[in-house]
Amino acid sequence: MKVGNMVANIGPIFASLMFVWAMFKQFFPHQLRNQIEKHSQRLVSFVYPYIQITFHELTGERLMRSEAYSAIENYLSSMASTQAKRLKADIGKNNQSLVLSMDDHEEVADEFNGVKLWWAYGKHISKSQTSLSFHPMNDEKRYYKLTFHKRNRDMILGTYLNYVLKEGKAIKVKNRQRKLYTNSGSYWSHVVFEHPATFQTLAMDPEKKKMIIDDLITFSKAGEFYARIGRAWKRGYLLYGPPGTGKSTMIAAMANLLGYDLYDLELTAVKDNTELRKLLIETSSKSIIVIEDIDCSLDLSGQRRKKKEVEEEQEKDPRQKQLGMQEKDAKTSQVTLSGLLNFIDGLWSACGGERLIVFTTNHVEKLDPALVRKGRMDKHIELSYCGFEAFKLLAKNYLGIESHYLFDTICELLKETKVTPAEVAEHLMPKTASRDSELYLKSLIQTLELAKEEARLKSEQDARKTEASSSKEDFHWTENDSSAKANGKSENYTLA
């Protein structure tokens with residue numbers, strides 16, 4: 001009965017307080033109210049022994065999502081699932097699990113080094129939210145509020161918050177859905193990155209593969225080292241080789257090994273250097289920025305010609321000048337080699353850390369030396385034709401075999417032919433219900449023998465062309481010598 005009486009009395013008391021507060025706001029002058037509220041807050045803070053810190057979701061002039069807020073959200077996810085009575089659920093990684101978080105105005109407790117503290121989740125809703133707004137979600141301001149005793153201030157502001165942010169970021173990296181970004185002008189759009197490639201399934205020389213893996217892992221753990229030597233935490237990779245040698249697959253394997261996002265940069269869609277810089281700023285840490293077929297992207301390949309040489313050519317032929325102006329007007333992108341170099345290792349490249357920049361090309365000889373020098377493209381990796389070790393891995397992946405009596409024949413043929421891993425994989429790909437490995441291996445051998453014969457015929461044809469060209473050149477010199485002798489005789493006769 002006593003509890004019932006207390007509950008019954010709460011309503012009238014609360015209503016009386018609200019009435020007094022309304023009368024106070026209506027009849028007391030504005031300045032007097034401010035003074036009373038100011039002193040009352042001081043009195044409460046003197047008596048109330050707890051400190052509160054609010055972490056808002058959106059910060060800055062551009063209202064970007066706060067990294068601190070995101071880290072706290074991840075850190076509290078496990079506590080929310082065990083303590084909170086009201087939860088929000090969302091689909092997690094790979095759409096296979098639920099991710100739980102606190103619902104509005106819910107609170108959970110935490111303990112750190114014997115100190116008790118509390119986290120609460122809430123949101124502010126502006127008045128426009130209650131009206132007929134087309135974008136009501138834009139008016140919600142979510143936040144997390146941390147409450148702790150003031151005697152623990154130093155420990156909470158130092159050790160504890162650093163621990164929360166570190167743990168939250170680690171959970172985010174572990175559980176996040178990685179994304180594949182592409183640019184449309186100066187804006188990124190993305191899809192979920194689900195490429196299955198790994199270094200275990202990548203067909204290449206095992207020693208080279210181990211070297212690449214060690215280099216990538218060393219880079220991902222070298223943040224303090226890069227800071228100590230005063231360099232931006234980034235590394236450049238140049239992947240080159242014939243088409244079909246696995247350059248794109250290598251990039252996917254790199255992303256899966258490190259757990260990085262991928263940014264596939266299409267240079268021809270970028271208007272100018274300013275847009276290129278804007279795209280760079282909006283890339284995140286722990287990411288790989290990829291420019292594929294760099295030799296085909298705009299006019300960035302080959303040796304740079306001096307402006308004076310171009311002007312001289314245009315002075316000799318006015319049509320060249322007119323053609324050059326037309327080509328310049330026709331270009332949709334004004335990205336320059338200088339702008340790209342600044343993108344790779346200029347001042348703006350240090351905005352963010354732990355990023356790989358990867359170029360791919362089929363023709364490394366066409367690239368400007370300034371683009372691929374050490375310091376910009378630190379690691380040059382040639383992905384060449386299929387060797388025997390790469391073939392054995394493909395046979396294991398596609399056919400499930402590690403040895404076969406036909407392997408020796410294939411080994412000898414691979415030494416004498418040039419075929420890409422993609423071509424070999426096509427012959428090992430099961431095309432029927434039959435799982436007869438020998439059938440697929442014989443098909444590959446037939447193709448390799450045909451390629452060997454074509455290479456032999458081409459070599460003989462080239463040799464004949466070279467011999468014919470040499471004979472023609474010898475005849476040309478002999479004819480010139482005879483002509484020179486005839487002219488000499490004529491000159492001698494005239495002088496006589």
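A crossing of two helices is called right-handed if the near helix is turned clockwise from the far one by less than a right angle. Keep that in mind as we walk through this predicted model.

**First stop: α5 and α7.** Select residues 206–220 for helix α5 and residues 247–258 for helix α7. Their axes come within 11 Å and cross at roughly 45°. That angle falls outside the parallel, antiparallel and perpendicular ranges, and α5 and α7 are therefore oblique to each other. Look along the contact and you will find that the crossing of α5 and α7 is right-handed. Now show side chains: from α5, pick Ile212, Ile213, Leu216, Ile217 and Ser220, which meet Met250, Met254, Leu257 and Leu258 of α7. Sorted by class, this contact of α5 with α7 holds 8 nonpolar residues, 1 polar and no charged.

**Second stop: α8 and α11.** Next, select residues 273–281, helix α8, together with residues 337–345, helix α11. Here the axes lie 10 Å apart, at an angle of about 15°. Since angles under 35 degrees count as roughly parallel, α8 is roughly parallel to α11. The α8 and α11 crossing is right-handed. Which residues of α8 meet α11? They are Asn273, Leu276 and Leu280, set against Gly339, Leu340 and Phe343 of α11. The contact of α8 with α11 comprises 4 nonpolar and 2 polar residues, with no charged ones.

**Last stop: Ala109.** Finally, centre on Ala109 in strand β6, residues 106–112. Beyond its neighbours within four places in sequence, Ala109 is in contact with Met79, Gln83, Lys116, Leu117 and Trp118. Add Ala80 as well: its C-alpha atom is 9.3 Å from that of Ala109, although 29 residues separate the two along the chain.

Methods: Residues are numbered from 1 along each chain as its sequence is written. This is a predicted model: local features need pLDDT of at least 70, side-chain atom pairs count only at pLDDT 80 or more; totals for chains, interfaces and linings use all residues. Side-chain values use heavy atoms; hydrogens and water are left out. Axes are lines fitted to C-alpha atoms, for helices over the stretch in contact, and angles run from 0 to 180 degrees between N-to-C directions. Helices (H or I, at least four residues) and strands (E, at least two) are DSSP runs, numbered from the N terminus. Angles under 35 degrees count as roughly parallel, over 145 as roughly antiparallel, 65 to 115 as roughly perpendicular and the rest as oblique. Contact means heavy atoms within 4.5 Å. Ala, Val, Leu, Ile, Met, Phe, Trp, Tyr, Cys and Pro count as nonpolar, Asp, Glu, Lys and Arg as charged, and the others, Gly among them, as polar.
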